[in-house]
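Notebook open, coffee poured. I want to go through this chain from the overall fold down to a few single residues.

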Amino acid sequence: MPALFTAEIDGWASWGAVFQSIAAFSPLIEEILCRHALPAAPVRHCTPGTNAVFRVGGYVVKIFAPRESGMESEAEARTEYFSVARAKALGVPVPTPVAEGVLDDKYRFPYLVTEFVDGAPFEVCAAAMTPQEKTAAARRLRALTDRLNTPCADFNGIDVIRDQTRRKCWAPFPKRFQRERDAWAAAHDFGERVFVHGDLGEDNLLVTGDGLCILDFADAVLAPRSYEQALVAAELFAFDGDFLRGYFADLSAAEIAEICFEGLAIHDFGGDIVCGRLGTPERFAGLSDLRERLDEAVRNGLARSGRA
């Protein structure tokens, strides 16, 4: 039987060239829908990410990158399956899972089908929010992350602190900075590790008629709570004071900055976020520079909102 998927995947660049192609993935999508007796419908694009994600009628079909792309897609898919089911059980708004499995074709494709959620990206809505609406939205998100950020069994074996591969984002930074970061991480007491979404940025949070909906759990891990909270503060909120005050309630600027420091310093995307929000790598000779700039960013954000 000829393969349904005919493109060649040999490394990340080849996957990047095809993962948004409706023509390339339509035969796989048709087979997945048929397997699970789901109705056919025109295939449409969704917001691009790492995997092949398409809307089909009232559903979203997510086809994970095969191993030939360089991704550990089956481990990522297991993480997504576990996380969505856990969030649903905790009453956290997420797309309802409909079907999951693995399609063995030219390559081995794990997949997940969920119901489509009608909503707008958080970033788009945030631009039109009043200060009071920002604070209220941040409080709602904090209530959801407090439900998620609780202890659970290890579900993917990832050690966010000791895994050497998770230091790659700091490679562009000065050697002194990297040495100080490594020494600090090895000696610091991070406390309890809990479930975290790990990537609550603008693409993974929708504003819906009922409130908020969290998407894409492929980067979920066990980690300190600061791992979640730092990314929310720096990336999702971009240090906006109204959001910060809603999310962190009565914490001081210094306490918020310290949470951001601890979480970003061990985050898989930490170096990228620092570069995007605080400055280029050469500006950070050592960890003290990161502390100072985070403290400045938090204080300035709170001051601009009149909430310092």
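Before counting anything, I fix my terms: helices are DSSP runs of H or I with at least four residues, strands are runs of E with at least two, and both are numbered from the N terminus. I also keep in mind that this is a predicted model.

**Entry 1: the whole chain**

I tallied the secondary structure and got eleven helices and ten strands. Next I looked up the radius of gyration: it is 20 Å, close to the 19 Å that the globule rule gives for 308 residues, so the chain is as compact as a globular protein of that length. Along the principal axes, the C-alpha atoms fill a box of roughly 60 × 45 × 35 Å.

How much of the chain is buried? I found that 48% of the 308 residues count as buried. I then checked the contacts with a separation of 6 or more, and residues 24 or more positions apart account for 71% of them.

For the surface, I noted about 13900 Å² exposed, with carbon and sulfur atoms supplying 51% of it. On charges, I have 33 positive and 45 negative side chains, and the centres of the two sets lie 4 Å apart.

**Entry 2: a three-stranded sheet**

I picked out one open sheet, with the order β6-β8-β9 and antiparallel pairing. Which strands stand at its edges? They are β6 (120-121) and β9 (211-214), each with a single partner strand, so one side of each is left without a neighbour in the sheet.

I went on to the β8/β9 pair. Strand β8 covers residues 205-208 and is joined to the antiparallel β9 by four bridges. The hairpin between β8 and β9 goes through two residues. Looking at partners across the pair, I see threonine 208 opposite glycine 211 of β9, and valine 207 has leucine 212 of β9 as its bridge partner. A reminder to myself: strands of a sheet pair through backbone hydrogen bonds, either parallel or antiparallel.

**Entry 3: two alanines with positive phi**

I searched for positive phi outside glycine and wrote down two alanines. Alanine 37 has phi near 55°, and I find it in the loop between α2 (22-35) and β1 (43-45). Is alanine 37 buried or exposed? Its relative accessibility is 70%, and the cut-off for exposed is over 50%, so alanine 37 counts as exposed.

Alanine 238 also has a positive phi, about 50°. I located alanine 238 in the loop between α7 (225-236) and α8 (241-248). Its relative accessible area is 33%, which puts alanine 238 in the partly exposed class.

**Entry 4: alanine 223**

My last stop was alanine 223, in strand β10 (residues 221-223). Its relative accessible area is 0%, so alanine 223 is buried.

What does alanine 223 touch? Not counting residues up to four places away in sequence, I listed Val160, Glu192, Arg193, Val194 and Val196. I also took one distance, C-alpha to C-alpha: alanine 223 and leucine 200 are 14 Å apart in space and 23 residues apart in sequence.

Conventions. Residues numbered from 1 in each chain as written. Predicted model: local features only at pLDDT ≥ 70, side-chain atom pairs only at ≥ 80, totals over all residues. Heavy atoms only, no water. Rg over C-alpha atoms; globule rule 2.2 N^0.38 Å. Buried < 20%, exposed > 50% of the residue type's maximum accessible area, 1.4 Å probe, protein only. Contact = heavy atoms within 4.5 Å. Areas by Shrake-Rupley, 256 points an atom, 1.4 Å probe, with all protein chains shown as cover. Lys, Arg positive; Asp, Glu negative; His and termini not counted. Charge placed at Lys NZ, Arg CZ, Asp CG, Glu CD. Pairing = 2+ DSSP bridges.
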